[in-house]
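Hi everyone, thanks for making time this morning. I'd like to walk you through a structure, starting with the whole chain and then stopping at a handful of residues.

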Amino acid sequence: MSNSHKIGKLYLTFVFLLMYAPIFYMIFFAFNKGAYMTEFTGFSLVHFKDMFADLRLMSILVNTFIVALLSSLIATLIGTFGALGIYQSRQPGVKNLLLSMNNVLMVSPDVIIGASFLILFTMAGVALGFGSVLLAHIAFSIPIVVLMVLPRLKEMNPQLIDAARDLGANWYQVLSKVVLPYAWPGVLSGFFMAITYSLDDFAVTFFVTGNGFSTLSVEIYSRARRGIDLSINALSALMFVLSLILVIIYYFISTRNTNAKRKRTTTLPVDGMGVAR
């Protein structure tokens, strides 16, 4: 058992080094004084200065954040109500069908999704640009939100809804006072995960973006094809840190949710038979 444990640790260490070494290598040379990644000539923030002085790059950065925030907000709204619809479905066959359709978008290759949106927008006569990118990001973010909110709804005691209705609450009051407060950690988790997916997406955006509009992932790809520019390293470093912050926020939300659930379980009143009520 001890040898297997050591082998498992070594394997995990190798996997993490394989994944993160190129990222840290790129971030390391973002602080290089020189203009190339072949040799580190000294510590400097000149590439970060060049990045902020690039007006086109800053404009694309703003576009990327606008798309990420808008798509995440809309996807969170639609995904939350979609999760409610799946949760309240009384027919197991319908519920499984809806879950399967939701999961298909999660496991489908981004290239297939991007090409499908390109064909759809072309057939519908939708101009490629901000609108097409926003719609595509909303579409692939909705399943993420559903998968974050639905487990939280399943943990909720259905008797809470029945008790609220017995007390005279209407549908809006049940939703705003009972369901959404309970599902709120899942809603926040879905929102932050949707932002992360939107900021990191390349394949879908590459298909649906048009002339005059671009996002950071597409811009970085196009510049990298022309040659090494360490200002791209600086921008990538900032984006990595931002994604890391969003993941940490999601982790703390999930941890607080788990701790609150454990606390409620341990403080439930106990009847005379020693059973929690």
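So, to begin: in what order do the elements of the protein run from the N terminus on? The answer is α-α-α-α-α-α-α-α-α-α-α. Counted up, that is eleven helices and zero strands. Please keep in mind that this is a predicted model, and everything I say is computed from it.

Let me stay with the overall picture for a moment. The protein has 277 residues, and 37% of them count as buried. Its radius of gyration is 23 Å, whereas a compact globule of 277 residues would come in near 19 Å. If you draw a box along the principal axes, the C-alpha atoms fill roughly 75 × 60 × 35 Å.

How about contacts along the chain? Take the contacts between residues at least 6 apart in sequence: 71% of these join residues at least 24 apart.

On the surface side, the accessible area comes to about 16,800 Å², and carbon and sulfur atoms account for 69% of that. As for charge, there are 20 positive and 12 negative charges, and their mean positions sit 9 Å apart.

Now for some individual residues, and I'd like to begin with Ser71. Which helix holds Ser71? You'll find Ser71 in helix α3, which covers residues 55-88. Is Ser71 buried or exposed? Ser71 counts as buried, because its relative accessibility is 0%, and the cut-off for buried is under 20%.

The side chain of Ser71 has polar partners on the backbone. It reaches the backbone oxygen of Val67 at 2.6 Å. A polar atom of the Ser71 side chain also lies 3.2 Å from the backbone oxygen of Ala68. If we set aside neighbours within four places in sequence, Ser71 is in contact with Leu134, His137, Ile138 and Ser198.

One of those partners, His137, deserves a stop of its own. His137 lies in helix α6, residues 130-155. His137 is buried, because its relative accessibility is 1%. And which residue makes a side-chain polar contact of 2.7 Å with His137? That would be Ser198. Ser198 falls within the residue range of helix α8, 171-200. Beyond its neighbours within four places in sequence, His137 is in contact with Val67, Ser71, Ser198, Asp201 and Thr205. So Ser198 appears in the contacts of Ser71 and again in those of His137.

Since we've reached helix α8, let's look at Val179, which is found there too. At 4% relative accessibility, Val179 counts as buried. Leaving out residues up to four places away, Val179 touches Leu84, Leu153, Met156, Ile161 and Val174. What separates the C-alpha atoms of Val179 and Leu84 in space? The separation is 9.0 Å, although the two are 95 residues apart along the chain.

Next is Asn102, in helix α4, residues 92-107. Asn102 is buried, with a relative accessible area of 9%. Not counting residues up to four places away in sequence, Asn102 touches Ile142, Pro143, Val146 and Leu147. For a separation in the other direction, try Asn102 and Pro22: they are 80 residues apart in sequence and 33 Å apart in space, C-alpha to C-alpha.

Two residues remain, and both of them are partly exposed. Leu118 belongs to helix α5, residues 110-124. Its relative accessible area is 27%, so Leu118 is partly exposed. Away from its neighbours within four places, Leu118 is in contact with Leu128, Phe207 and Val208. From Leu118 to Ile232 the C-alpha distance is 27 Å, with their positions 114 residues apart in sequence.

Finally, Tyr25 sits in helix α1, residues 2-29. Tyr25 has a relative accessible area of 42%, which means partly exposed. How many residues apart in sequence are Tyr25 and Asn233? They are 208 apart, and yet their C-alpha atoms are 9.6 Å from each other.

To leave you with one spot to look at on the screen, I'd pick buried Ser71 and buried His137, with the 2.7 Å side-chain contact between His137 and Ser198 beside them. Thanks for listening, and I'm happy to take questions.

Definitions and conventions
Residues are numbered from 1 along each chain as its sequence is written. This is a predicted model: local features need pLDDT of at least 70, side-chain atom pairs count only at pLDDT 80 or more; totals for chains, interfaces and linings use all residues. Side-chain values use heavy atoms; hydrogens and water are left out. Helices (H or I, at least four residues) and strands (E, at least two) are DSSP runs, numbered from the N terminus. Buried means under 20% relative accessible area, exposed over 50%, partly exposed in between (1.4 Å probe, protein chains only). A polar contact is a pair of N or O atoms within 3.5 Å; within protein, one must be able to donate a hydrogen and the other to accept it, and residues adjacent in sequence count only if both atoms are side-chain atoms. Contact means heavy atoms within 4.5 Å. The radius of gyration is taken over C-alpha atoms; the globule rule is 2.2 Å times the number of residues to the power 0.38. Accessible areas come from the Shrake-Rupley method with a 1.4 Å probe; for residues, only the protein chains shown count as cover. Lys and Arg count as positive and Asp and Glu as negative; His and the chain ends are not counted. The place of a charge is taken as NZ of Lys, CZ of Arg, CG of Asp or CD of Glu.
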